[in-house]
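Biologist: Please take one loop of this model and go through it closely, then show me how it fits in with the rest. Keep it relaxed, but give me the cut-offs behind your terms.

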Amino acid sequence: MKSDIIQPFYGMGVSKMPELPCSHCGQRMVVNIGEMHAPQSQPARLSGTAICRKCDKSTGFELQDNMIHYIEGKRIYGSIDSKVPTIAQAFFAEAELCSRSAAPNAVAAMCRASIEAMLNERGFRGNNLKHQIDLAVEKKALNQDESALANGSRLLANTAIHSGELISVSHIPSILAVTVVVLNKLVYSF
Ligand SMILES: [Zn+2]
């Protein structure tokens, strides 16, 4: 959406919407929410990407009850090692693309896929992802903390894919950060 008009209207007595800073150039943006797209019931949560008029780049955001709940920042979640196998890198790149669109369920699914691909590449092939993670722990490729992170990513993606519940956009940096930790560890644990 490209707009500089604020139209908070969903019945909370709010007359001003918060301004979003552009993640790229810092330009302040205000969000114009058309009535047709506004949430009809509380809690009101609205997520999307705002396109900056100054630099034309997009910034993912989430508003909850007229407050900024999440805004895409700089890359605070780290980078994956160049030695991560191509297939796992490809899934992670897709996760990053989804994060640019503020699509948390897609991010969770792609991060899970990248961890699964990484475990396959490393020869940890099991009946399911939980089994694969357990095998990696047995072989000391992942420690207890890392296995907890990998399992967290697995469970969150299950929620994202199967229960139909929308994960919050504010989870995106953590999901990406966890994936970076697990992928990088599996590069050097041999
Ligand atoms: Zn900008």
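**A loop and its surroundings**

Modeller: Let's start with Ala102, which is found in the loop between helix 1 (86-100) and helix 2. Helices (H or I, at least four residues) and strands (E, at least two) are DSSP runs here, numbered from the N terminus. Keep in mind that this is a predicted model: local features need pLDDT of at least 70, side-chain atom pairs count only at pLDDT 80 or more, and totals for chains, interfaces and linings use all residues. Residue numbers start from 1 along each chain as its sequence is written.

What catches the eye is the backbone: Ala102 has a phi near 55°, a positive value in a residue other than glycine. Most residues other than glycine have a negative phi. Ala102 counts as buried because it has 22 C-beta neighbours inside 10 Å. The cut-offs are 20 or more other C-beta atoms within 10 Å for buried, 12 or fewer for exposed, and partly exposed in between, with C-beta atoms placed from the backbone.

Now set Lys140 beside it. Lys140 also has a positive phi, about 60°, and is not a glycine. This one is in the loop between helix 3 (129-138) and helix 4 (144-163), and with 8 C-beta neighbours inside 10 Å it counts as exposed.

Move on from Ala102 and you reach helix 2 (residues 104-121), which packs against helix 5 (residues 172-188) at an angle of about 5°, with the axes 10 Å apart. That makes the two helices roughly parallel; angles under 35 degrees get that label, over 145 is roughly antiparallel, 65 to 115 roughly perpendicular, and the rest oblique. The axes are lines fitted to C-alpha atoms over the stretch in contact, and angles run from 0 to 180 degrees between N-to-C directions.

On the helix 2 side, the residues that meet helix 5 include Pro104, Val107 and Cys111, and their counterparts in helix 5 include Ile172, Leu176 and Thr179. Contact means C-beta atoms, placed from the backbone, within 7 Å. The residues of this contact divide into 12 nonpolar, two polar and no charged. Nonpolar covers Ala, Val, Leu, Ile, Met, Phe, Trp, Tyr, Cys and Pro, charged covers Asp, Glu, Lys and Arg, and the others, Gly among them, are polar.

The start of helix 2 has another link. Asn105 and Glu165 are 60 residues apart along the chain, yet their C-alpha atoms are separated by 8.7 Å. Glu165 belongs to the loop between helix 4 and helix 5 and is exposed, with 8 other C-beta atoms within 10 Å.

Stepping back, the protein has five helices and five strands, in the order β-β-β-β-β-α-α-α-α-α along the sequence. Among the strands, strand 3 (residues 45-51) runs antiparallel to strand 4 (residues 58-64) over seven bridges; pairing needs at least two DSSP bridges. Ser47 has Glu62 as its bridge partner in strand 4, and Glu62 stands opposite Tyr70 in strand 5. Strand 4 is largely enclosed by the rest of the structure, since five of its seven residues are buried. Six residues separate strands 3 and 4 in their hairpin, and Asp56 in that turn has a positive phi of about 65°. Of the 190 residues of the protein, 34% count as buried, and Ala102 is one of the buried ones.

Definitions and conventions
Contact = placed C-beta atoms within 7 Å.
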